[in-house]
Amino acid sequence: MARHDSVEYAGNETHDETKDIVEQNGGPLHFPAEDELQHSKAMEQTIINAKAATKKEHEMTLMQGIRLYPKAIAWSLLISTCIAMEGYDVCLINNFYAFPQFNRKYGVLDAVTNTYQVPAAWQSGLSNGANVGEIIGLMINGFVSERFGYRYTVIVCLVLVAAFTTIFFTAQNVQTLLVAEILCGIPWGVFQTLTITYASEVCPVALRGYLTTYVNFCWGLGQLIGIGVIKSMLGRTDEWAYRIPYALQWMWPPFLIVGIFMAPESPWWLVRKGRLQDAKKSLLRLTSLNRETDFDADETISMMVHTTALEEKITQGASYLDCFRGTDMRRTELVCMVWAIQNLSGNSFSNYSTYFLEQAGVSSANSYNFAMGQYAINMVGVFGAWGLMSYGIGRRSLYFYGLCGLFSMLFIMGFLGLVPDSHRKEAGLATGSMMIVWALFYQLTVGTVCYSLVAELSTRRLQIKTVVLGRNLYNIVGIITGVLTPYMLNPTAWNWGNYTGFFWAGLAFLCVIYTYFRVPEPRGRTFAELDLLFEREVPARKFAHTVVDVFDESITEKRKDGMVVEHSEKAMEDGKAFGGSC
């Protein structure tokens, strides 16, 4: 008889003998006895309902999920749109460096080229100002959103964005722009985690990968709008050429505030707060009357209650420190690295595409045309990633092979630096074309799949704090790369040009190695099943094939003589089914 991967991890010393027999004979992995829930009649009914809901989620197809959760999809898409504001501003500041009107206002005259340039030091400061603010906002969000709920936290942040945009609009010097970047970074940091968390908590397993990765589409949407606005301002020579793009940031908050105020709260958050009736009302607002999958709101709430209770047993608390204890340490490491790899694989290099192309000899008009094509591909790439996931390709595979492709292209871009100066324009056009292909690979894989991985690899109980820590590492790495990249590309600094590709290719290769050995496959797993796989320390390469059973609970019986006896009837049945004897 062929054995499952679970055999290798059988024999946990805290199990009873019956469960060990089940696992050693190829049966599913179970939680250690110390992590089992204390049973009452209410809890036993909760487990029965939770098991039924889990079975239905596993059997639910993509189209069934869309028909059952259309309102959840709509609310998730609305809240995720908050990320477009950050994508819009990041696009503005990075592309303003190649914008003549902006450079005349905030830059200094370069005597060598006789053109105005924002010094490399201030480029680094402005590009990293938002990252600094986001780190502050992320840490605040770890406390605020779990206390007050997702909706009200997002609404307050939208009000702050509208207020801080005034500083952008009225800035008279580069120092004021830096203040605005830092302050706006605070609410943007909140959006970075809450949009992903909300998307993962309002939808079933069948939709989770799609709605969490839609956040990346919103990044591309904001960037495309930003580059389009800048391109439309190229003909202006006055201060409104850069003030109008900043003023357009006021277009987002009013509509989003009204929509999010009417949105239902996350049912998972309500369950964690013990508000089960409110959680059921919220869940019903997220679903339709379609009963093709025999949907039962009470069963789904029971699944949330069961998972929350298990995580309370597994995790020691719900503080930032608890993210580094026990099995949560591994999950925190994975979320942090999956985020960081986005910046380590050359994303910072591609963010400077317009500036790079101009330095390589491409005209301003052509530079922005390339950038618009790249940002459009950012959006199309998300739909491409959805297509690949719908064909059954896992998150781990997409992430790994995507990094292999990014490494190869960065290496090629580095070699384009060897082209003679007489063909500088051709080399610049070739580099721009390669950057568009790079962007497509990035968005089909690493750029999009990252959002699904970080939403799935953390526990529900610690998810916000875990994602906060991961996104903060992303921002810290972003600050470092944001400091280095302008110096690499600026002709008044290191002036590496295309050779910058060799640097990022080396880092991308290290990311490939890490992903192969450490990043697991969460596709098709419920949150409770992922908890069990991490609790039993299953290696990353075995996640996809290991069989688990999160509902095989022992039932405690107190006899008349005062002795306590534990029964594990389900385990006994499984032991016989898999060839064991009890």
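The following is a conversation between a colleague and a modeller about a predicted protein model.

Colleague: What should be known about the model before its details are read?
Modeller: This is a predicted model in which local features need pLDDT of at least 70 and side-chain atom pairs count only at pLDDT 80 or more, while totals for chains, interfaces and linings use all residues. Residues are numbered from 1 along each chain as its sequence is written, and side-chain values use heavy atoms, with hydrogens and water left out.

Colleague: What is the mean pLDDT of the protein?
Modeller: The mean is 81, and 85% of the residues reach 70 or more, where pLDDT is the predictor's confidence in each residue, from 0 to 100. Over residues 1-11 the pLDDT is below 50, and over residues 553-582 the pLDDT stays under 50.

Colleague: Why is Lys-56 called buried, and why is Asp-294 called exposed?
Modeller: Buried means under 20% relative accessible area, exposed over 50%, and partly exposed in between, with a 1.4 Å probe and protein chains only. Lys-56 has 18% relative accessibility and therefore counts as buried, whereas Asp-294, with a relative accessible area of 52%, is therefore exposed.

Colleague: What makes Asp-294 and Lys-56 a salt bridge?
Modeller: A salt bridge is a side-chain nitrogen of Lys or Arg within 4 Å of a carboxyl oxygen of Asp or Glu; the N to O distance here is 3.5 Å, so the pair qualifies. The pair links distant parts of the chain, 238 residues apart, with Asp-294 in the loop between α14 and α15 and Lys-56 in helix α2.

Colleague: How do you know that Arg-395 and Glu-456 form a salt bridge?
Modeller: Their closest N and O atoms are 2.9 Å apart, which is within 4 Å, so the definition is met. Arg-395 is buried, and so is Glu-456.

Colleague: Why does Glu-134 have no salt bridge?
Modeller: Glu-134 is buried, and the nearest side chain of opposite charge, Arg-471, is 5.2 Å away; because a salt bridge needs a distance within 4 Å, this pair does not count. Lys and Arg count as positive and Asp and Glu as negative, with His and the chain ends not counted. Glu-134 is found in helix α7, helices being DSSP runs (H or I) of at least four residues, and strands (E) of at least two, numbered from the N terminus.

Colleague: Why is Phe-411 called partly exposed?
Modeller: Its relative accessibility is 37%, which lies between 20% and 50%, so Phe-411 counts as partly exposed. Phe-411 lies in helix α19.

Technical notes. Contact means heavy atoms within 4.5 Å.
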